[in-house]
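Biologist: Please pick one enclosed part of this structure and take me through it slowly, then follow on to whatever else helps me read the model. I am new to this, so plain words will do.

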Amino acid sequence: MSTVTLMLLRAVMVMRDGPADAGRPVTNEDPDAVSMTVAYRHDVHKLRGRTHAGAASEFRGIPVNQDVPLYADADAALLSRPRGEPEQTVPAHDSPRRLPLLDGEVTALEAVVGDIGDAIFDLVRIDDPAALHRAWLDASVPALFSESRYYPFTSAKYHTLLVAALLDNYRAVSPFGDVYLSVSTHAGEADPRIVPHRTVLTTASFALHVTADPVGPAARIGSRPTQCFGDVWARLPAVPFDVDARRCWRVLDGQLRRLRSWSTALQYIEAFCNTVGHDDAAATSTRWWA
Amino acid sequence: MTETETVPGVEAEAESETEAAPASGRRIQQLLFALERPYMGNPYYVSGNALHAAVARRVGEATRRALHVSHGVFVPGEYGSPTEGEISLRGGQKLGGMLPDVEAYEDLFVHRDPAQRWLTESRPREAANTHPLQRYGHDGRVAFASEMQVGRPAEKRAASRRVPWYVQCYVHADDPAVLPVATDALTGIRVGGARNFGFGELSVVDTQVVDVDALAYGALEAADAHELELVSPFVLETEFPGAADQSVPWWWAPGKRAATGELRRRTERLVAGEDVFDLETVDHGQVVPYAGADPVATAKNGVLRVGTHSRFGFGELRVRPARGSRVPAWRERRAGGGG
C-alpha cells in the first residue's frame, strides 16, 4: 500500500469518527485489496434462515458470510434498522421472510423458485464483481427475505446492494459524508445508466445510485449513517418520475417521504413499479392509478 | 418582493421576513381529525383549500371570511415519543392520536413531518407510517384506507393489529375573536375525491389553541446559522384570477443553493367550485439555507405561512438550526414508547 493511500484512508477514518463512533478504531485495511465480491456474499446466511453466529463459511464451495471491511456492512445496517439491541417489532412474525408493505401478501417461496438453494447459488457463485452486481440488481430471491427477523419490513436484497455501494465508495476513499443519493432516467431505453456497485435500484425507466460522484440530480445522504431515506428523498432536486402527470407517482412520492428505512424504501419502489408498471397505455386502460 | 397584490380569496402575506411581529395575540388552533372513511384526494396531504371549503359550510360568515387553514398532514395513531422539544407524555399514550402540549417552537411540528420520526422503534414503524392503499370502484381508483392492519399474513390473522389514521391541521384568523372554532360543527366534514359518496370523512378528536408569540424559541436564538424547510409548497405562478406570480424569496439564500442543485418544482391544482387552477410551486420537503437576519420572526411568520395562497395552506416554513441533526444518534428509549 502506498503511503499516500494510507494517509488518505486514515484521514477518511478520522473524519468519519464522530462522537457517536468514538469506539471505531482506525483501520489498517488496504482499500485496493478489498474484493467487492465479499459484499454480495456476506449475508447468504440470512437467505438460508441462519443466524450470523451459526453461519457457515462456505456455501457449495463458495466462501460466504465473511466480514465486510471498512464498516460498510455496519453502516448499511444503520441506514435501515435502529442501532442497538434488536427488538421484535411484529410479534406474530418470527421468520426470515420479508413482510411486504404494498399489498400485505407474503409470497410463498415455492411459488417463486423451485429450489431456493439453487437460486441462491446462482446468485453468489459469479466471480466477476460487475456481473455479480448486475445479478443482484435483477434478483428476486433475496427480496423474499428481510435484513433481520426483528425488522421484517426491511429487505436483504437492498441491504446487500447498499453494502456494496458503500464499500465501493469507501474503497475510493470517499467518506460517508461525501456520498449522495442520485437519480438517473433514460427515457425510451430499456435500461437506465448502471454504475457498477453504486447503482442500488433499477426499474424500467429509472435508476438510483449511492455514490460520491453523482451525475444529475442528487442529494447528500448525511454526515453519518442513519435511517433517513424520506429526508434525503424530499431534498432531491428532481424525482425520476413525473409527479405532475399521474397521481400514481404522487402516491409513490408521498409514501417515500414517509419511509425512513433505506432497504424498506428501495424495496417499496421495486414493488410499486412492478405493480403499477411504466407503460402509460396499460396504466390508462386499467385506470387503477388514474 | 413588492409585486405581490392582494386579491379576493388569496392572501398576500408580507414578504419581508424582518417585519416586526405584533406584541402578542397571534394564535393558532390545532385540530386533530380521525379519518373515519377511506380518503381519495391529494396523496401528499389534505390541502388547506379542501379543508377550508369543507369547514366553510359549517361556520358563520364572519369566521369563513377570517379563517386561514393549513394543509392537513396524515398521522398514524401509534405509540411513540417526540425526538425534539420538551414534550412529556403520560406513559402508554399514542402520540399519533392526540395533540401534545406545545411549549417550544419545535413542538408545533411533531406531527407535521411526513416521516413522523416520533414513532417508536419497538413497533413496525415503516408499516405504521405507510399509507394502506385500497382500490375502489369499477375503475379501481386508489384510496388511503382509514386504518392500517399490521401483521396481515392470513395465518397470523389473530395477531393482527389496527393502526387508525388521523389528519392534523391548524387554523388562524384575521379576526382573533373567531377562535377557537367550535369543533362540534366540524365533525363529519368530508374531503378529497368521492366525498359525496362518503369518502374522506373526518371527525374531530382533539383541539387546542396555541399562542405562537409566547412559545420558546431558544434553540433558534442559540444557533448562529439557520436553514428553512418547506413544510408545504410555495406558490410561484398561479392561474387563479387576479393573483400575481411571485419569485423565490431573497432570504432563501439563492446563491448558496446552487451548490446543491436547483429547487424542485411541482404543479398543484386548486379547485374552486367548478374551476381548477394550476399552481406552479416550489415543492415541499426541500431545505434551503437561510439568509435573513431575524430567524425568530421568520419562524413565526412561517407558521402563519408566507406568499400568495397562504390562506389555503401553502407557504408553511420551518426554521431549523443549520447542521442540526434531524435524527438523534442513539436516543434513550423513554417511557411511553412501548406498548
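Modeller: The cover over the buried residues of helix α1 of chain B includes the strands β1 (27–35), β2 (67–69), β7 (161–173), β8 (202–211) and β11 (265–272), along with helix α2 (61–66), which also belong to chain B. Keep in mind that this is a predicted model. The helix α1(B) runs over residues 48–56, and seven of its nine residues are buried, so the rest of the structure largely encloses it. Those buried residues are B:Gly48, B:Asn49, B:Leu51, B:His52, B:Ala54, B:Val55 and B:Ala56. For reading such a list, it helps that an α-helix has 3.6 residues a turn, so residues three or four places apart point the same way.

A strand in chain A can be read in a similar manner. Strand β3 of chain A covers residues 180–185, and five of its six residues are buried, so it too is largely enclosed by the rest of the structure. It pairs with β5(A), residues 206–211, in the antiparallel sense over six bridges. One of the residues involved is A:Ser184, whose bridge partner in β5(A) is A:Ala207. Three bridges also join β3(A) to β6(A), residues 218–220, and these strands run antiparallel. There, A:Tyr180 has A:Arg220 as its bridge partner.

Single charged residues can be buried as well. A:Glu147 sits in the loop between α7 (129–138) and α8 (156–171) of chain A, and its relative accessibility of 3% is under the 20% cut-off, so this residue counts as buried. Beyond its neighbours within four places in sequence, its contacts include A:Lys46, A:Arg81, A:His159 and A:Ser263. In chain B, B:Arg117 lies in the loop between β3 and α3 (125–129) and is buried, with a relative accessible area of 5%. Its side chain makes a polar contact of 2.5 Å with the side chain of B:Asp113.

B:Asp113 leads on to the empty spaces. The whole structure has nine cavities of 30 Å³ or more, and the second largest holds about 260 Å³ of space. Of the 26 residues lining that second largest cavity, the closest to its centre are B:Arg112, B:Asp113, B:Pro114, B:Val231 and B:His284. Both chains take part in the lining: α9 (229–235) and α10 (247–258) of chain A, and β3 (73–76) and β9 (226–230) of chain B, each supply at least two residues. By class, the lining has nine nonpolar, eight polar and nine charged residues.

Note on methods
Residues numbered from 1 in each chain as written. Chains lettered and ligands numbered in written order. Predicted model: local features only at pLDDT ≥ 70, side-chain atom pairs only at ≥ 80, totals over all residues. Heavy atoms only, no water. 1 Å grid on protein atoms, 1.4 Å probe; cavity = no way out; pocket = protein on both sides within 12 Å on 5 of 7 lines; lining within 4 Å. Points joined across faces, edges and corners; volume = space filled by probe spheres on them. Helix = DSSP H or I, 4+ residues; strand = E, 2+ residues; numbered from the N terminus. Nonpolar A, V, L, I, M, F, W, Y, C, P; charged D, E, K, R; others polar. Buried < 20%, exposed > 50% of the residue type's maximum accessible area, 1.4 Å probe, protein only. Contact = heavy atoms within 4.5 Å. Polar contact = N/O pair within 3.5 Å; in protein donor to acceptor, adjacent residues only side chain to side chain. Pairing = 2+ DSSP bridges.
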